[in-house]
Amino acid sequence: MDTKLKVGVIGATGMVGQRFVTLLADHPWFEVAVVAASPHSAGKTYEEAVSGRWKLDEPIPENVKNLVLLDAADIEAVTSQVDFVFSAVDMSKDEIRKIEEEYAKTETPVVSNNSAHRWTPDVPMIIPEINPEHAEVIKYQRERLGTKRGFIAVKPNCSIQSYTPALTAWQKFEPTQVVATTYQAISGAGKTLEDAPEIMGNVIPYIPGEEEKSEMEPLKIWGHVDDDKKEIVPAESTVITSQTLRVPVLYGHTAAAFVNFKQNPSKEDLIEALESYSGVPQELGLPSAPKQFIQYMTDDFRPQVRYDVNFEHGMGVSVGRLRTDKIFDWKFVGLSHNTLRGAAGGAVLCAELLTSQGYIEAK
């Protein structure tokens with residue numbers, strides 16, 4: 001791109017917002033022009049606002065340290081300076097739905113990390129390697145919002161990234177039933193290990209709302225745009241049941257999954273499908289795209305968070321321990337980085353895809 005697009009990050013002081021600003025620090029297409037957060041932080045420099053609560057190992061990027069935070073609710077002040085925004089605001093779902101639509105109605109595209117609009121029928125929920133065609137629903141969303149340029153797109157839940165890519169690579173074998181248990185890092189709650197003494201030496205067996213997301217969101221991703229209904233219709237061919245647990249790990253969601261197929265694939269068939277799977281981000285060479293989307297690991301002790309969570313700079317997915325089962329056809333273990341592929345990194349890649357498709361452009 002000749003000129004970088006100007007980006008606003010709303011909800012910039014939280015853990016996901018911090019990840020956004022670090023990922024965008026040297027981005028070849030996008031530059032952070034505005035950071036915004038709650039009224040409590042507004043008026044402070046970014047460095048002042050995150051002082052004492054910077055949660056990442058990477059330092060605060062120099063190009064955002066001295067940006068003065070705006071109030072995210074001052075929509076005109078934010079949108080007058082940017083071409084699009086990333087949303088990582090911490091509000092109730094109703095408040096998030098309202099503010100994101102208000103941003104979109106100013107003709108400012110919104111790429112959201114939040115869950116509030118994931119089940120809005122005309123809002124695409126995109127994993128760029130899997131369902132880039134769902135962006136086609138944006139034209140119907142714009143009709144509803146009365147916009148020519150503004151829209152909302154979302155990325156899915158972080159935990160489903162550890163097993164949904166594998167199941168997608170295996171769609172030709174027609175998965176019918178899936179059990180997925182996820183062991184989720186504490187950063188998924190916006191905390192570090194130091195912030196969460198309750199997790200040390202412990203496993204918490206309940207994460208509110210996560211099981212429903214784990215069971216339903218893959219079905220929307222595998223669905224199709226229905227031009228008559230002007231919305232995305234979820235798939236119905238696979239039934240997923242899930243349990244989600246919080247574990248004392250900083251980054252990385254691990255899934256232990258079981259799957260039945262209508263077809264009868266061999267282990268070699270399944271591994272070949274994983275290793276050969278790629279999508280539009282790889283074809284286009286998008287800046288944040290992993291070269292290898294899914295890797296298969298033959299060592300029975302892998303994947304491990306300690307060694308594999310940063311595969312492809314945290315944007316790749318690792319799969320291992322594929323073996324037959326006494327009740328299901330096959331079982332496997334998957335691992336993904338929850339704040340990179342699963343959160344801010346996935347949203348940045350989504351924005352790159354939407355830019356390449358012409359949905360995001362300079363105002």
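**Notes on the charged side chains**

1. Starting with a long-range pair: Glu58 and Arg19 join their side chains in a salt bridge, 3.1 Å from N to O (for a salt bridge, a side-chain nitrogen of Lys or Arg must be within 4 Å of a carboxyl oxygen of Asp or Glu). The two sit in distant parts of the chain, 39 residues apart, with Glu58 in the loop between α2 (46-50) and α3 (62-65) and Arg19 in helix α1 (residues 15-23). Helices here are DSSP runs of H or I with at least four residues, strands are runs of E with at least two, and both are numbered from the N terminus.

2. Before going on, keep in mind that this is a predicted model: local features need pLDDT of at least 70, side-chain atom pairs count only at pLDDT 80 or more, and totals for chains, interfaces and linings use all residues. Residues are numbered from 1 along each chain as its sequence is written, and side-chain values use heavy atoms, leaving out hydrogens and water.

3. Back to that pair: Arg19 is buried at 4% relative accessible area, while Glu58 is partly exposed at 34%. The cut-offs are under 20% for buried, over 50% for exposed and partly exposed in between, using a 1.4 Å probe and protein chains only.

4. Arg144 has two acidic partners to look at. With Glu101, the closest N and O atoms of the salt bridge are 3.1 Å apart. Glu101 is in helix α5 (residues 93-104) and Arg144 in helix α6, so this pair ties together parts 43 residues apart in sequence. With Asp122, the closest N and O atoms are 2.6 Å apart. Asp122 is in the loop between β5 and α6, so its pairing with Arg144 in helix α6 ties together parts 22 residues apart in sequence.

5. As for exposure in this group, Arg144 is partly exposed at 42%. Glu101 counts as buried at 19%, and Asp122 is buried at 6%.

6. Glu47, Glu62 and Lys65 are also linked, in a network of salt bridges. By the same rule, the count comes to 17 salt bridges.

7. Glu210 is worth a look too. This residue is found in helix α8 (residues 210-221) and is buried, with a relative accessible area of 7%. The Glu210 side chain makes a polar contact with the side chain of Gln184 at 3.1 Å (a pair of N or O atoms within 3.5 Å; within protein, one must be able to donate a hydrogen and the other to accept it, and residues adjacent in sequence count only if both atoms are side-chain atoms).
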